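Open the model in your viewer and show the backbone as a cartoon. The tour below tells you what to select at each stop and what is found there.

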Amino acid sequence: MLSKKTKYGLKALTFLANQKNKEPVQIAEIARHENISQKFLESILLTLRRTGFLGSKKGKGGGYYLIKEPSEILMTAVIRVLEGPIAMVPCVSLNFYEKCDDCPDEDSCSVHKLMLQVRDSVLEVYRNNTLADIIV
């Protein structure tokens, strides 16, 4: 299940992407418009800024803004930053691989085989969508 952090991060990114003038937007405005706790949103936006999706400006007229075009922001990157690994189990993760403690042989593991298919299907969707594709 998608965490609230990721859901709210996606909502904030789409809100910023929909801004016509690309001017910085204050956290309070995003929080109010998207019905998100301002304190929680602040933490999410800081993460997105530190990982290169957003820029910020302090002072009068300050706030957050996209530093890339929406078409350049891949959903795989956003999901990994906000949610962590895309794979449901560590033994099929591309970026966070770990062998499962309870599995002696991944090649004969039915769970492993199924989760590879799930991972590949989810990655197909994320890889083929950018922020521009999900803007309403």
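**Stop 1: an aromatic pair**

Select tyrosine 8 and colour it as buried, since its relative accessibility is 16%, under the 20% cut-off. Keep in mind from here on that this is a predicted model. Now add phenylalanine 40, which is partly exposed with a relative accessible area of 32%. The count of aromatic pairs comes to 1. The ring centres of tyrosine 8 and phenylalanine 40 lie 5.8 Å apart and the ring planes stand at 75 degrees, so the pair is edge-to-face. Because tyrosine 8 belongs to helix H1 and phenylalanine 40 to helix H3, the pair ties together parts that are 32 residues apart in sequence.

**Stop 2: the whole chain**

Zoom out until the full trace is in view. The protein has 6 helices and 2 strands. Followed from the N terminus, the order of these elements is α-α-α-β-β-α-α-α. Along the principal axes, the C-alpha trace spans about 60 × 25 × 25 Å. Of the 136 residues, 40% count as buried. Take the contacts between residues at least 6 apart in sequence: 57% of them join residues at least 24 apart.

**Stop 3: helix H3**

Select residues 38-50, which form helix H3. With 13 residues at 1.5 Å a residue, helix H3 should span 18 Å, and its end C-alpha atoms are indeed 18 Å apart, which agrees.

Which residues of H3 are buried? Show the side chains of Leu41, Ile44, Leu45, Thr47 and Leu48 to see them. Look down the axis of H3: the buried residues fall within an arc of 155 degrees, so they line one face of the helix. An α-helix has 3.6 residues a turn, so residues three or four places apart point the same way. Rotate to the face of H3 turned away from the buried side, and you reach the exposed residues Lys39 and Arg50.

Next, show what covers the buried residues of H3. The cover includes helix H1 (4-17), helix H2 (27-34), strand E1 (54-57), strand E2 (63-66) and helix H4 (75-83). Just after H3, select glycine 52, which takes a positive phi of about 90 degrees.

**Stop 4: the nonpolar cores**

The largest nonpolar core has 28 residues. Select Ile30, Leu41, Leu45, Leu48, Leu54, Leu66 and Val78, the members that touch the most other members. H1, H2, H3, E2 and H4 each supply at least two residues of this core. Which element gives the most to this core? The answer is H1, with 7 residues.

Centre the view on leucine 54. Apart from neighbours within four places in sequence, leucine 54 is in contact with Leu13, Leu16, Leu45, Leu48, Arg49, Tyr64, Tyr65, Leu66 and Ile67. Then move to a second, separate core of 8 residues, which includes Cys91, Val92, Cys100 and Cys103.

**Stop 5: two loop residues**

Select lysine 22 in the loop between H1 and H2. Lysine 22 has a positive phi of about 60 degrees, although it is not a glycine. Its relative accessible area is 43%, so lysine 22 is partly exposed.

Go on to asparagine 35, in the loop between H2 and H3. Asparagine 35 also is a residue other than glycine with a positive phi, near 60 degrees. Is asparagine 35 buried or exposed? With a relative accessible area of 68%, asparagine 35 is exposed.

**Stop 6: helix H5**

Select residues 110-127, which make up helix H5, and pick out serine 121 within it. Serine 121 is partly exposed, at a relative accessible area of 47%. Draw a distance line from the C-alpha atom of serine 121 to that of glutamine 26: the two are separated by 36 Å and lie 95 residues apart along the chain.

Finish with arginine 119 and aspartate 120, whose side chains meet in a salt bridge of 2.7 Å, N to O. The structure holds 1 salt bridge. Arginine 119 is buried, with a relative accessible area of 13%, whereas aspartate 120 counts as partly exposed at 40%.

Technical notes
Residues numbered from 1 in each chain as written. Predicted model: local features only at pLDDT ≥ 70, side-chain atom pairs only at ≥ 80, totals over all residues. Heavy atoms only, no water. Helix = DSSP H or I, 4+ residues; strand = E, 2+ residues; numbered from the N terminus. Expected span 1.5 Å × (residues − 1). Buried < 20%, exposed > 50% of the residue type's maximum accessible area, 1.4 Å probe, protein only. Arc of directions from axis to C-beta. Contact = heavy atoms within 4.5 Å. Salt bridge = Lys/Arg side-chain N within 4 Å of Asp/Glu carboxyl O. Core = buried A, V, L, I, M, F, W, Y, C linked by side-chain atoms within 4.5 Å. Phe/Tyr/Trp six-rings, centres within 6.5 Å; stacked < 30°, edge-to-face > 60°.
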